[in-house]
Amino acid sequence: MNPALPYRWIRTVLIASLCLNLLLAGAAGALIMRWRLHPDQEVSRLALRQVTRELDRDDARIVRRAFIGQREQLQQDYTGYRRSLKAILVALQETPRNEDKLQAAIREARSKRIALSDLSFDTLLGSVQNISPAGRDALLKSQPQ
């Protein structure tokens with residue numbers, strides 16, 4: 001019997017373990033970088049996944065397709081809303097505080113939020129009209145009462 005034989009198996013197991021660890025570290029790194037580079041898209045993807053989790057494949061595809069069709073407008077509205085929130089922070093940090101500027105920034109942020117909410121609601125409502133009755137029931141049952 002060859003005395004190096006047991007060590008060959010240990011070496012093979014260690015190399016396989018190293019490969020698996022590198023694969024998992026790479027996948028985790030890719031997810032982290034995706035969140036860091038495109039946080040707005042990841043938030044919308046996560047929200048869409050949350051809405052469609054109770055739907056079957058065909059109904060979820062219809063809802064996703066509706067949101068993908070509005071993706072650019074939703075992204076622009078979300079970016080505008082985030083900018084308006086930053087304007088509120090700037091107005092709050094001014095010394096002395098300019099109340100007129102602050103109130104204008106608040107009104108602007110509120111209007112941007114309403115526009116974003118309306119577009120999201122209209123997109124969801126339009127897609128819900130095209131899904132199956134079972135899908136509509138699943139959406140209604142998944143919402144908190």
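These are my notebook entries on a predicted model of a protein chain.

**Entry 1: confidence**

I began with how far the predictor trusts its own model. The protein chain averages a pLDDT of 86, and 92% of the residues score at least 70. I then looked up where confidence is lowest and where it is highest. Helix H2, residues 39-52, has the lowest confidence, with a mean of 77, while H5 has the highest, at 92. I kept that in mind for the entries on both helices.

**Entry 2: the cores**

Next I asked myself which residues have the most contacts inside the largest nonpolar core. I found Leu 55, Val 63, Phe 67, Leu 74, Ile 131 and Leu 139, in a core of 13 residues. Two or more residues of this core come from each of helix H3 (57-69), helix H4 (71-93), helix H5 (99-128) and helix H6 (133-142). A second core, separate from that one, has five residues, including Ile 88, Ala 91, Ala 105 and Ala 109. I noted a general tendency here: in soluble globular proteins, nonpolar side chains tend to be buried together.

I picked out Leu 74 for a look at its contacts. Leaving aside residues up to four places away in sequence, Leu 74 touches Phe 67, Leu 116, Leu 119 and Ser 120.

**Entry 3: H3 against H5**

Then I turned to a pair of helices. The axes of H3 and H5 cross at roughly 145° and come within 9 Å. I wanted to know whether the crossing is left-handed or right-handed. H3 passes H5 in a right-handed crossing. On the H3 side, the contact is made by Ile 62, Val 63, Ala 66 and Phe 67; on the H5 side, by Ser 120, Thr 123, Leu 124 and Ser 127. Sorted by class, this contact has five nonpolar residues, three polar ones and no charged ones.

**Entry 4: two residues with small accessible areas**

Thr 52 sits in helix H2. Is Thr 52 buried or exposed? Thr 52 counts as buried because its relative accessibility is 5%, and the cut-off for buried is under 20%. Setting aside residues up to four places away in sequence, I see Thr 52 touching Ala 60, Val 63 and Arg 64.

Ser 84 belongs to helix H4. With a relative accessible area of 6%, Ser 84 is buried as well. Its contacts, again without residues up to four places away in sequence, are Ala 105, Glu 108, Ala 109 and Lys 112. I recognised Ala 105 and Ala 109 from the second core.

Conventions: Residues are numbered from 1 along each chain as its sequence is written. This is a predicted model: local features need pLDDT of at least 70, side-chain atom pairs count only at pLDDT 80 or more; totals for chains, interfaces and linings use all residues. Side-chain values use heavy atoms; hydrogens and water are left out. A nonpolar core is a set of buried Ala, Val, Leu, Ile, Met, Phe, Trp, Tyr and Cys residues joined through side-chain atoms within 4.5 Å. Buried means under 20% relative accessible area, exposed over 50%, partly exposed in between (1.4 Å probe, protein chains only). Helices (H or I, at least four residues) and strands (E, at least two) are DSSP runs, numbered from the N terminus. Contact means heavy atoms within 4.5 Å. Axes are lines fitted to C-alpha atoms, for helices over the stretch in contact, and angles run from 0 to 180 degrees between N-to-C directions. A crossing is left-handed if the near helix is turned anticlockwise from the far one by less than a right angle, and right-handed if clockwise. Ala, Val, Leu, Ile, Met, Phe, Trp, Tyr, Cys and Pro count as nonpolar, Asp, Glu, Lys and Arg as charged, and the others, Gly among them, as polar. pLDDT is the predictor's confidence in each residue, from 0 to 100.
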